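User: I am new to reading protein structures, and I would like to learn how to look at one feature after another. Could you take me through an example?

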Amino acid sequence: MMRGWIIPPPKETTKSKEDFKKEREKKVGWLIKYGYLKSERIKNAMLKVPREDFIPPLYRDYAYLEVPLPLPGEESTISCPHSYPLFYEPLGLNEGHKLLEIGLGSGYGTAVAREIVGPDGLVVSVEIDPLTFEFARSNLKNAGYSDIVLVKGDGGLGYPDMSPYDRVCITAACIEIPPPLIKQLTIGGRLIAPLTEHGIQNLVLLEKSEKDIRKKVICEVLYVSLKGKYGV
Ligand SMILES: C[S@@+](CC[C@H](N)C(=O)[O-])C[C@H]1O[C@@H](n2cnc3c(N)ncnc32)[C@H](O)[C@@H]1O
């Protein structure tokens, strides 16, 4: 059990590359059928990135189940497969965007985002847990992603060196949206995050304009808590 999710028991990997490919295609079909996945770029990215390669061997057989799975590090998880279109569709993540991700985790969502933004875009991802950071770094290297900016540290502070960002994606639950992240967002930019409000977590989308910040609640979610300066 992990914060309300039932985690399946660890076991040796029994599935082949071909089994995983079939499961990936089936999962993408399911995400389209149930309305999570709409855009062609996100669909193609999810078909391309082998999610199983971002999961520790003892949980790899469960790669396409709708459960978060444990990663090396303290309370780190790879999110359920539906989480990625759930975040990236409202974010309107697209070709050429500069994305700042807070919570690298396994590196899977980072790789999917890299495929979406394409060669004219950029992905910067920050992870606070050193063990998780090393796990993701090695997964991304093995999968051939050498042009993602990986930063070890507190993502609540953002990464001002490469700001401003067109999009910001926070993958851990916040009690407030860290102000540095709003500051580092471009005018017209969007930020998505699980936000704890009145004891529940809402996935919220912020849109920054010259005048103000507009906020929209998308749905209720369940994520591990943000750590660091703006953490719980
Ligand atoms: C749900 S997991 C991310 C899953 C990831 N998207 C994936 O595809 O595997 C949330 C991650 O946020 C990280 N995290 C928590 N607080 C953080 C902070 N202040 N800065 C950076 N990373 C943080 C956790 O260590 C964890 O790895």
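Analyst: We shall go through the sheet, the helices that pack on it, the nonpolar cores and the salt bridges, keeping in mind that this is a predicted model.

User: Let us begin with the sheet. How many strands form it, and in what order do they stand?

Analyst: A sheet is read by walking from one strand to its neighbour, and here seven strands form an open sheet in the order β5-β4-β3-β6-β7-β8-β9, with mixed pairing. At the edges stand β5 (149-152) and β9, and because each has a single partner strand, one side of each is left without a neighbour in the sheet. On average, neighbouring strands of this sheet are turned by 15° against each other, if direction is ignored.

User: In which sense do β7 and β8 pair, parallel or antiparallel?

Analyst: It helps to remember that in a regular strand the side chains alternate between the two faces of the sheet. In this model, strand β7 (residues 185-197) pairs with β8 in the antiparallel sense over eight bridges, and within this region I192 stands opposite L205 in β8. On the other pairing, β8 and β9 (residues 213-221) are also joined in the antiparallel sense, over eight bridges, with K208 opposite I213 in β9. The link from β8 to β9 is a hairpin of four residues.

User: Which strands does α3 lie across, and which strands does α5 touch?

Analyst: To describe a helix on a sheet, one names the strands it meets and the angle between directions. Helix α3 lies across β3, β6 (165-170), β7, β8 and β9, and runs at about 145° to β7. Helix α5 also packs on the sheet, where it touches β4 and β5, and its direction makes about 165° with that of β5.

User: How should I judge α4: how many of its residues are buried?

Analyst: A residue counts as buried when its relative accessible area is under 20%. By that reading, helix α4 (residues 108-117) is mostly covered, since nine of its 10 residues are buried. Among them are Y108, G109, T110 and R114. The elements against which the buried residues of α4 pack are α2 (40-48), β2 (77-78), α3 (83-91), β3 (98-102), β4 (122-127) and α5 (130-142). After α4 comes G118, whose phi is positive, near 70°.

User: Which residues of the largest nonpolar core touch the most other members?

Analyst: The largest nonpolar core has 47 residues, and those that touch the most other members are M46, I78, F87, Y88, Y108 and V112. At least two residues of this core come from each of α1 (17-33), α2, α3, α4, α5 and β8 (200-208), and α4 gives the most, with six residues. Apart from this core lies another one, of 21 residues, which includes I102, V126, L181 and L195.

User: What does I78 touch?

Analyst: Leaving out residues up to four places away in sequence, the contacts of I78 include R51, F54, I55, V67, Y84 and Y108.

User: Now the charged side chains: how many salt bridges does the structure hold?

Analyst: Side chains of opposite charge can pair when their charged atoms come close. This structure holds 15 salt bridges. One of them joins E25 and K21, whose closest N and O atoms are 3.2 Å apart. These two residues are four residues apart in helix α1, and therefore about one helical turn separates them. E25 is partly exposed because its relative accessibility is 41%, and K21 is partly exposed at 38%.

User: What separates R137 and E134 along helix α5?

Analyst: About one helical turn does, because R137 and E134 are three residues apart in α5. Their closest N and O atoms are 3.0 Å apart, and the two form a salt bridge. R137 is partly exposed, with a relative accessible area of 40%, while E134 is partly exposed at 33%.

User: Which parts of the chain does the pair R41 and E95 tie together?

Analyst: The side chains of R41 and E95 meet in a salt bridge of 3.4 Å, from N to O. Since R41 lies in helix α2 and E95 in the loop between α3 and β3, the pair ties together parts that are 54 residues apart in sequence. R41 is partly exposed, at 30% relative accessibility. Salt bridges can also be linked to one another, and here K17, R24, E52 and D53 are linked in such a network.

Methods
Residues numbered from 1 in each chain as written. Predicted model: local features only at pLDDT ≥ 70, side-chain atom pairs only at ≥ 80, totals over all residues. Heavy atoms only, no water. Buried < 20%, exposed > 50% of the residue type's maximum accessible area, 1.4 Å probe, protein only. Contact = heavy atoms within 4.5 Å. Core = buried A, V, L, I, M, F, W, Y, C linked by side-chain atoms within 4.5 Å. Pairing = 2+ DSSP bridges. Salt bridge = Lys/Arg side-chain N within 4 Å of Asp/Glu carboxyl O. Axes fitted to C-alpha atoms, helices over the stretch in contact; angles between N-to-C directions.
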